[in-house]
Amino acid sequence: MDNPFVNGFIQFDETSAGIKALNNQLTIDNSPITINRNSILFDSFEISNSKNQSAVIDGSINLGNDLSIENDLKIKTEMMELINSSQEDNDLLFGLLLAKADISLKGDNQNVQIISSVEIDRKTD
């Protein structure tokens with residue numbers, strides 16, 4: 001096979017992961033991630049925290065047969081709590097961090113362009 005390709009999907013079912021040092025629990029929605037001819041496709045893929053604040057991922061990651069990777073992703077969130085830890089939880093990174101973000105990642109694995117707009121909420125300490 002000169003140019004093999006992958007098709008399919010990744011389906012999550014009640015999936016979550018805790019980041020203890022940041023005192024944050026993230027949950028992945030049940031939307032599938034589709035794989036079509038070596039392209040990993042995100043269509044309003046949502047990651048939420050325990051306060052039901054979410055980030056949404058749209059776009060694609062294209063995997064070339066020559067091990068190249070081409071990114072075209074957008075990650076957007078309205079106000080989301082990212083950290084809420086005490087100094088006892090994590091003596092290096094602690095406090096409350098609330099942020100709004102609009103992030104774009106474009107380019108290949110040798111030259112990724114990241115454009116972001118991040119607004120830190122004044123409740124952050």
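These notebook entries record what I looked up in a predicted model.

**Entry 1: asparagine 24**

I began with asparagine 24 and found it in strand S3, which spans residues 24-28. I then asked whether asparagine 24 is buried or exposed. Its relative accessible area is 9%, and because the cut-off for buried is under 20%, I entered asparagine 24 as buried.

Next I looked up which backbone oxygens the side chain of asparagine 24 reaches. One belongs to leucine 82, at 2.7 Å. Another belongs to glutamate 81, at 3.4 Å. I also listed the contacts of asparagine 24, leaving aside neighbours within four places in sequence. They are Ala17, Gly18, Ile19, Asn49, Glu81, Leu82 and Ile83.

**Entry 2: the S2-S3 hairpin**

I turned to the strand pairing around this residue. Strand S2, residues 15-19, pairs with S3 in the antiparallel sense, and I noted five bridges. Across from asparagine 24 in S3 stands isoleucine 19. Isoleucine 19 is also among the contacts of asparagine 24 listed above.

How many residues lie between S2 and S3 in the hairpin? I found four. Within that turn, asparagine 23 has a positive phi of about 55 degrees.

**Entry 3: the largest pocket**

I looked up the largest pocket and recorded a volume of about 200 Å³. Its lining consists of Ile19, Leu22, Asn24, Leu26, Ile47, Ala55, Ile75, Thr77, Met80, Leu82, Ala101 and Ile103. The elements that contribute two or more residues to this lining are S3, strand S7 (69-85) and strand S8 (95-108). I noted that S7 supplies the largest share, four residues.

Asn24 thus appears again, now as a lining residue. The lining also includes Ile19, the residue opposite asparagine 24, and Leu82, whose backbone oxygen the asparagine 24 side chain reaches.

**Entry 4: the largest nonpolar core**

I then examined the largest nonpolar core, for which I recorded ten residues: Phe12, Ile28, Ile33, Ile35, Ile40, Phe42, Phe45, Ile57, Ile61 and Leu73. Two or more of these residues come from each of strand S4 (33-36), strand S5 (39-49) and strand S6 (54-63). S5 gives the most, with three residues.

From this core I selected isoleucine 35 and asked which residues it is in contact with, leaving aside neighbours within four places in sequence. The list reads Val6, Asn7, Gly8, Phe9, Ile10 and Ile40. Of these, I marked Ile40 as one of the core residues.

How values were computed
Residues numbered from 1 in each chain as written. Predicted model: local features only at pLDDT ≥ 70, side-chain atom pairs only at ≥ 80, totals over all residues. Heavy atoms only, no water. Buried < 20%, exposed > 50% of the residue type's maximum accessible area, 1.4 Å probe, protein only. Polar contact = N/O pair within 3.5 Å; in protein donor to acceptor, adjacent residues only side chain to side chain. Contact = heavy atoms within 4.5 Å. Pairing = 2+ DSSP bridges. Core = buried A, V, L, I, M, F, W, Y, C linked by side-chain atoms within 4.5 Å. 1 Å grid on protein atoms, 1.4 Å probe; cavity = no way out; pocket = protein on both sides within 12 Å on 5 of 7 lines; lining within 4 Å. Points joined across faces, edges and corners; volume = space filled by probe spheres on them.
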